[in-house]
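Thank you all for making time this morning. I would like to walk you through one structure, starting from the whole chain and then moving to a few individual residues.

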Amino acid sequence: MNGVDNMGESRIFTVRVTVGQEETTAKLIYSKVNTYNLPLYAILAPSKVKGYIFVEAPSKSAVDEAIKGIKHAKGTLPGEVRFEEIEHFLEEKPAVSGFEPGDIVELISGPFKGEKAKVIRVDEAKDEIVVELIGAIVPIPVTVRGEYVRLISKHQKE
């Protein structure tokens, strides 16, 4: 949201939310913070953490005030979170990281949704993956975005 001049006053708190509503809740809190000019500095809703969001604020009472009346916000956990504990959520990794040639994947979006495919090449710079459809009569390489595939099995190394 906004930068903080005196980071000594900034603390990170965990807010318990309805599972699956982390991003929606963060947006509702952000909207309330802007409307009422509340002293919250940042809201983090990492996709890998279910049921919790992290809020940077000067005090727990500021967070409690911001989440009051927000539908899916269930409350602020006691205690604070050190920045080092959540820092790794701030690094964005390409969706294709972890895939290797030979892996078997399922396409979960696009025109080939539901098809199984074998990974031929991984391009982390473009966040794309080149696959060959397993059910196809003629193997044709198809380039898809990293978030359009789900790993079924890793390639067995000999």
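Let me begin with the overall dimensions: for a compact globule of 158 residues one would look for a radius of gyration near 15 Å, but the protein chain has 21 Å. Please keep in mind throughout that what you see is a predicted model. Taken along the principal axes, the C-alpha atoms of the protein chain fill a box of roughly 60 × 30 × 25 Å, and of the 158 residues 34% count as buried. The accessible surface of the protein chain comes to about 10100 Å², and carbon and sulfur atoms account for 51% of that.

As for the secondary structure, the protein chain has 3 helices and 9 strands, and if you follow the sequence from its start you meet them in the pattern β-α-β-β-α-β-α-β-β-β-β-β. When we take the contacts between residues at least 6 apart in sequence, 59% of them join residues at least 24 apart. On the side of charge, there are 21 positive and 24 negative side chains in the protein chain, with the centres of the two sets lying 7 Å apart.

Now to the aromatic rings. How many aromatic pairs does the count come to? The count comes to 1 aromatic pair, and this pair is formed by F54 and F89, which are stacked, with 6.3 Å from centre to centre and 20 degrees between the planes. The pair links distant parts of the chain, since F54 belongs to strand β3 (residues 52-57) while F89 sits in the loop between α3 (83-86) and β5 (104-107), 35 residues apart. The two partners also differ in their exposure class: F54 is buried, at a relative accessible area of 9%, whereas F89 counts as partly exposed, at 24% relative accessibility.

Let me turn next to the backbone, where two residues other than glycine deserve a mention. N37 is not a glycine, and yet it has a positive phi of about 50 degrees; N37 is placed in the loop between α1 (22-36) and β2 (42-44). Is N37 buried or exposed? With a relative accessibility of 69%, N37 counts as exposed, because the cut-off for that class is over 50%. The other residue is D127, whose phi is also positive, near 60 degrees, and whose place is in the loop between β6 (116-123) and β7 (128-133). D127, at 19% relative accessibility, counts as buried, because buried means under 20%.

The loop that holds N37 is also where P39 is found, between α1 and β2. P39 is partly exposed, with a relative accessible area of 39%, and, leaving aside neighbours within four places in sequence, P39 is in contact with A57, P58 and A62. Although P39 and V63 are 24 residues apart in sequence, their C-alpha atoms are 8.5 Å apart in space.

My last residue is H72, placed in the loop between α2 (60-67) and β4 (73-76). H72 counts as buried, at 17% relative accessibility. Which residues does H72 touch, not counting those up to four places away in sequence? H72 touches R16, V17, T18, Q21 and T25.

That is where I will stop, and I am glad to take questions.

Conventions:
Residues numbered from 1 in each chain as written. Predicted model: local features only at pLDDT ≥ 70, side-chain atom pairs only at ≥ 80, totals over all residues. Heavy atoms only, no water. Helix = DSSP H or I, 4+ residues; strand = E, 2+ residues; numbered from the N terminus. Rg over C-alpha atoms; globule rule 2.2 N^0.38 Å. Buried < 20%, exposed > 50% of the residue type's maximum accessible area, 1.4 Å probe, protein only. Contact = heavy atoms within 4.5 Å. Areas by Shrake-Rupley, 256 points an atom, 1.4 Å probe, with all protein chains shown as cover. Lys, Arg positive; Asp, Glu negative; His and termini not counted. Charge placed at Lys NZ, Arg CZ, Asp CG, Glu CD. Phe/Tyr/Trp six-rings, centres within 6.5 Å; stacked < 30°, edge-to-face > 60°.
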